[in-house]
Amino acid sequence: MSDYTFFTHPMSRGQIARWALHEAGADYDTQLVDWEAKPQSLFDANPMGKVPTLVHHHGDHVHVISEAAAICAYLGDTERGGALAPRDHERADYYRAMFFASGPVEQAVVAKSMAWEVPANREMMAGFGNYDRTVEMLAMLVSQADYVCGDRFTMADVYVGSQVDWGLQFSSLPTRPEFTAYAERLRGREAYKAAKSIDMKLIEDAQTDS
């Protein structure tokens, strides 16, 4: 048995977790999930039936990690001797960017895609305030240095970078120089390319079969 069982669908946020698994050099088996016939083993691990869900077979223990940002952080802490986790002086930038991307950015992008308008007098009640300010904040976080924590790539870049990468591809984020430059740096990584090629092939095969 591999160290990890990875429940995913290629057209999902599972792409984030697969990239993280490759950056971590993790030993994993993929369990593809059919949207219409999700396996009981997924519900046993995650009653919400969501992907990605990662199961770590760790000696006598079984650890279940869900939510893409949490999977990135867990792999950063657990694999490669913590090489992709934050160092002491990087923790503030790492956690700030990771949680901002998984909270306000995710909320703002979903709200925009759903055409949900937050009234100006209710912005304090929304975790992201408004879309434009969220975009400005994200642009600041990815433009201060090559990576979230400065000149060193960490697992925060997998999650934050995925938000930017997808945002540019699907126009849920504006095409800005800060986003484009950051995304291009990440797209050149071998782990990114390896993980992406797997999911793109799975998508291609599924479209061919349908």
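Serine 162 sits in helix α6 of this predicted model. With a relative accessible area of 4%, serine 162 is buried. Apart from its neighbours within four places in sequence, serine 162 is in contact with Ile16, Trp19 and Asp157. Two of these names, Ile16 and Trp19, return on the α1 side of a helix pair, where α1 meets α6.

That helix pair deserves a closer look. Two packed helices are described by the angle between their axes and the distance between the axes. For α1 and α6, the angle is about 145° and the axes are 10 Å apart. The crossing of α1 past α6 is right-handed. On the α1 side, the contact is made by Gln15, Ile16, Trp19, Ala20, Glu23 and Ala24. On the α6 side, Met155, Asp157, Val158, Tyr159, Gly161, Ser162 and Trp166 take part.

Methionine 155, one of the α6 residues in that contact, also helps to describe the interior. The largest nonpolar core has 54 residues, and the members that touch the most others are Leu75, Leu138, Met155 and Phe179. Two or more residues of this core come from each of β1 (4-8), α1, α3, α4, α5, α6 (155-169), α7 (177-187) and α8. Helix α4 gives the most, with 9 residues. What does methionine 155 contact, leaving aside its neighbours within four places in sequence? The partners are Ala20, Glu23, Ala24, Cys72, Leu75, Gly76, Leu84, Tyr94 and Met98. A second core, separate from the one just described, has 6 residues, and Phe7, Val33, Leu42 and Val51 are among them.

Helix α4 also holds glutamate 106. At 18% relative accessibility, glutamate 106 counts as buried, because the cut-off for that label is under 20%. Beyond its neighbours within four places in sequence, glutamate 106 is in contact with Arg13, Ala101, Tyr159 and Gln163. Tyr159 has already appeared among the α6 residues that meet α1. Between glutamate 106 and asparagine 130 there are 12 Å in space, C-alpha to C-alpha, for a separation of 24 residues in sequence.

Attention now turns to charged side chains. Side chains of opposite charge can pair when their charged atoms come close. How many salt bridges does the structure hold? The count is 14. In one of them, the side chains of aspartate 199 and arginine 18 meet at 3.1 Å, N to O. Aspartate 199 belongs to helix α8 (residues 190-209) and arginine 18 to helix α1 (residues 14-24), so this pair ties together parts that are 181 residues apart in sequence. Both aspartate 199 and arginine 18 are buried.

Another salt bridge joins the side chains of lysine 50 and glutamate 67, at 3.1 Å from N to O. Lysine 50 lies in the loop between α2 (40-45) and β3 (53-58), while glutamate 67 lies in the loop between β4 (61-66) and α3 (68-78), so the pair ties together parts that are 17 residues apart in sequence. Lysine 50 is partly exposed, with a relative accessible area of 31%. Glutamate 67 is also partly exposed, with a value of 38%.

A further pair is formed by glutamate 123 and arginine 133, whose side chains meet in a salt bridge of 3.0 Å, N to O. This pair links distant parts of the chain, 10 residues apart: glutamate 123 is in the loop between α4 (91-113) and α5 (131-143), and arginine 133 is in helix α5. Is each partner buried or partly exposed? Glutamate 123 is buried, with a relative accessible area of 17%, whereas arginine 133 is partly exposed, at 48%. Salt bridges also link Asp165, Glu184, Arg187 and Lys196 in a network.

Cysteines complete the picture. A search of the whole structure finds 0 disulfides. Why is cysteine 72 not bonded to the closest cysteine sulfur? The sulfur of cysteine 72 is 13 Å from that of cysteine 149, the closest one, and this is too far for a bond because a disulfide needs sulfur atoms within 2.5 Å. Cysteine 72 is buried, with a relative accessible area of 0%, and is one of the residues in contact with methionine 155. Cysteine 149 likewise counts as buried, at 9% relative accessibility.

Conventions: Residues numbered from 1 in each chain as written. Predicted model: local features only at pLDDT ≥ 70, side-chain atom pairs only at ≥ 80, totals over all residues. Heavy atoms only, no water. Salt bridge = Lys/Arg side-chain N within 4 Å of Asp/Glu carboxyl O. Helix = DSSP H or I, 4+ residues; strand = E, 2+ residues; numbered from the N terminus. Buried < 20%, exposed > 50% of the residue type's maximum accessible area, 1.4 Å probe, protein only. Core = buried A, V, L, I, M, F, W, Y, C linked by side-chain atoms within 4.5 Å. Contact = heavy atoms within 4.5 Å. Axes fitted to C-alpha atoms, helices over the stretch in contact; angles between N-to-C directions. Left-handed = near helix turned anticlockwise from the far one by under 90°.
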